[in-house]
Amino acid sequence: MKKFFRHCKITTFALFLLSAMLTGCTSMPSMETLDFLSDKTPRSCTSNVDIRGRFSIRYKIDGREESLHGNFDWKQTTDYTVITLLSPLGQSMARIEVTPQLTTFTAPGQAPKSAANTEELIRSELGWTLPVSGLRDWLQGCATDMQNRPFIATPQSRHVITREGWQIDYISWIDGPVMPLPKRIDLIKGGSNAIDVDIHLKLVIDEWQFPKSK
């Protein structure tokens, strides 16, 4: 699996930029879709959300720095999260399904692999990891900081270090029908010195959908 991802790295950064230019305007949910948020605070994170966007990651593996670019599709409900990672050309690279009991990782042409520890399973297959449980809230701008206090991101208050040790910066925002929504998020795991950084993940969100709870 790691060889497959190293092969994908040959996609040039220009291709990633082309993907960004071709994306166009962000698809926004309708006011009807967001009616269930209207009586809550300006920043209220929900368990049910579908997100599409692009990612760019630099990470270290066996002392080497690697990088990868692509697209992602993120869907979550109360007890279920599924992440699909795609190449810049739309080819499936991995599908990660997470429930409270088990995580299943599926790559093209390979048998699914399952484990109870989500981050360890992803790391063993990709060489880097995704903090899935944290991202369920972080993608929407909600987090818990190092002092175990709730953090609510806004365009004016955009930086936090989480209790898990991730540095998150909400670089840019878009106007939502009810509340501002993150457009670009930078996440860093490791030291404050660039040399010490283990993972530098950049996410650009192109589409938000908030399905109503059933």
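**Close-up views of a predicted model**

**View 1. A bridge between W173 and P182.** The bridge partner of W173 is P182, which belongs to strand 11. The model shown here is predicted.

**View 2. Strands 10 and 11 side by side.** Strand 10 covers residues 166–174. Strand 11 covers residues 181–190. The two run antiparallel, and eight bridges join them. W173 and P182 are bridge partners in this view.

**View 3. The open sheet.** Ten strands form an open sheet. Their order is 6-5-4-3-2-1-12-11-10-9, and the pairing is antiparallel. Strand 6 (113–115) and strand 9 (159–161) are the edge strands. Each of these edge strands pairs on one side only. From one strand to the next, the twist averages 20°.

**View 4. Helix 3 across the strands.** Helix 3 spans residues 118–126. This helix lies across strand 1 (49–61), strand 3 (80–86), strand 4 (92–98), strand 5 (103–106) and strand 6. Helix 3 runs at about 15° to strand 5. Strand 6, one of the strands under discussion, is also an edge strand of the sheet.

**View 5. The whole chain, for orientation.** The chain holds four helices and twelve strands. Of its 214 residues, 45% are buried. Among contacts with a separation of 6 or more, 49% come from residues 24 or more positions apart. The accessible surface of the chain comes to about 11000 Å². Carbon and sulfur atoms account for 53% of that surface.

Methods:
Residues numbered from 1 in each chain as written. Predicted model: local features only at pLDDT ≥ 70, side-chain atom pairs only at ≥ 80, totals over all residues. Heavy atoms only, no water. Pairing = 2+ DSSP bridges. Axes fitted to C-alpha atoms, helices over the stretch in contact; angles between N-to-C directions. Contact = heavy atoms within 4.5 Å. Buried < 20%, exposed > 50% of the residue type's maximum accessible area, 1.4 Å probe, protein only. Areas by Shrake-Rupley, 256 points an atom, 1.4 Å probe, with all protein chains shown as cover.
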